[in-house]
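This report covers a helix pair, a small sheet and the surroundings of a ligand. The sequence and the model come first.

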Amino acid sequence: MTKSVYDVAVIGGGPVGGYTASIIAKTGCSVLLLEEHETIGEPVQCAGVITPRVFEMVDFASSSIINRLRGAHIFSPQGQQLTVDAGETRAVVIDRAEFDTKIINHAQSNGAELMCGSKATGISRDANGWNIMVKEKEKEITVAAKLLIGADGSGSRVRGWLGLPEPEIMLNGFNATVDGLDMDDEYVHLFVGENVAPNFFAWMIPAGAGTRVGLCTRDAQEPVYRYFKRLFDKGPTKDMLLGARVISESSGRIPLGLLNRTYAEGALLVGDAAAQVKATSGGGIYMGLACAQHCARTAIEALEKDDLSKRMLASYQTRWMNHIGDELKHDMIIHKIFASMTDKQLGEAFELLDNEEILEMINRVGDIDYPSKLGWALLKKEPRFLKYAGKFLKYRLGGK
Ligand SMILES: Cc1cc2nc3c(=O)[nH]c(=O)nc-3n(C[C@H](O)[C@H](O)[C@H](O)COP(=O)(O)OP(=O)(O)OC[C@H]3O[C@@H](n4cnc5c(N)ncnc54)[C@H](O)[C@@H]3O)c2cc1C
């Protein structure tokens, strides 16, 4: 540690904290990045599917791409299979540990100071800004910073310390890497149904040397791990997973639901800490990095003006909401409609989707970063979907 008071302390050395630190440090501000784990990127708690669009922001991390995807085989609860195929790369699979490492290295090369194995355990505020208590192995130290940025993931403690709102929903996720499977490496397999992945979906993702197998659940009767084990014993996944050997496993939570305040006096929240995640897929990397740009810009302007007041920092909320707020709202509506459907209704919806013109439209319009575009297009093309979207109109009018 070289500074007595940093301009900015970023808590959380994930991709979003790293990217935020990188942009701010580039302007010459002093930035301290605190990460509780000893090694950046570990443990991996992610399936690692993102769009090539992400690399428009972090081109320096593109060596982390290990596979390219053009489509998906999607299975209904009854076992009906639909195939969507864009005919070109629509998503990529990354080595998440390498992705995070590249971003953090970039932040360091821009001048950010990294402290690994350093867990923030509490904060207090005085006239000069923040004092952050940090536990490093057996040692307790305090670091000082003018501005605090919470990028500490789904279970953000910074969010609680600042008294900011909690996400409406937490998904439970589980992901494993398996070997011994011979999968077509251009397609993911997705599975829906109450017995497979309640209120969300399960996946099999070809990832270079191995396959990522996992799922998320919400409001499920049993722990997510039980549903994971069941993928090997029941349903359409059983035969596909014959001969699979689990190499590594991890679990994690995914926060959903717009936070109406992600700033406080002298502080900002970003990434999973701010629940900047698509409720349709649980993907948070693209949205988090997009918000990191708004967070960094707001921080830089506030430091330049020497005004870190809540009023000044409120512009961050406006910026990221203007950029992705509508998309996140619509994704949540789609998620709620999907989660309200019974297995029978999902089966009926698959029958409607199994139509050449509709599949062609999905291939053309589908975009995993902006899924609501497809939602609207489907409703227009096939009005019978309105039956399931009944509540949609209510949500649009502000209902729960
Ligand atoms: C099972 C699963 C699968 C997923 N699959 C995808 C996917 O395919 N595509 C996608 O886009 N997204 C996916 N996600 C979501 C994605 O992982 C997150 O959106 C992304 O990691 C958010 O980045 P972040 O930097 O905000 O938070 P994180 O990556 O969670 O980073 C937060 C960092 O803060 C550190 N930290 C926490 N508390 C402290 C503290 N007190 N002091 C110091 N450091 C601290 C943590 O150790 C961590 O390194 C998945 C999530 C799960 C759980």
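Axes are lines fitted to C-alpha atoms, for helices over the stretch in contact, and angles run from 0 to 180 degrees between N-to-C directions. Helices (H or I, at least four residues) and strands (E, at least two) are DSSP runs, numbered from the N terminus. The model is predicted: local features need pLDDT of at least 70, side-chain atom pairs count only at pLDDT 80 or more, and totals for chains, interfaces and linings use all residues. Residue numbers start from 1 along each chain as its sequence is written.

The axes of helix 1 and helix 6 come within 8 Å and cross at roughly 30°. Residues in contact (C-beta atoms, placed from the backbone, within 7 Å) include Y19 and I23 of helix 1 and L289 and A292 of helix 6.

Around the ligand stand 37 residues (C-beta, placed from the backbone, within 6 Å), the closest being G14, G153, G252, G271 and G284. Helix 1 and helix 6 are among the elements that give two or more residues to this shell, as is strand 3. The two residue sets divide as follows, with Ala, Val, Leu, Ile, Met, Phe, Trp, Tyr, Cys and Pro as nonpolar, Asp, Glu, Lys and Arg as charged, and the others, Gly among them, as polar.

| Set | Nonpolar | Polar | Charged |
|---|---|---|---|
| Contact of helix 1 with helix 6 | twelve residues | three residues | no residues |
| Shell around the ligand | 14 residues | 17 residues | six residues |

Strand 3 also belongs to an open, antiparallel sheet of three strands in the order 3-7-4; strands pair if DSSP finds at least two bridges between them. Strand 3 and strand 4 each have a single partner strand, so one side of each lacks a neighbour in the sheet. I50 lies opposite V92 in strand 7.

Technical notes: Two residues are in contact if their C-beta atoms, placed from the backbone, lie within 7 Å.
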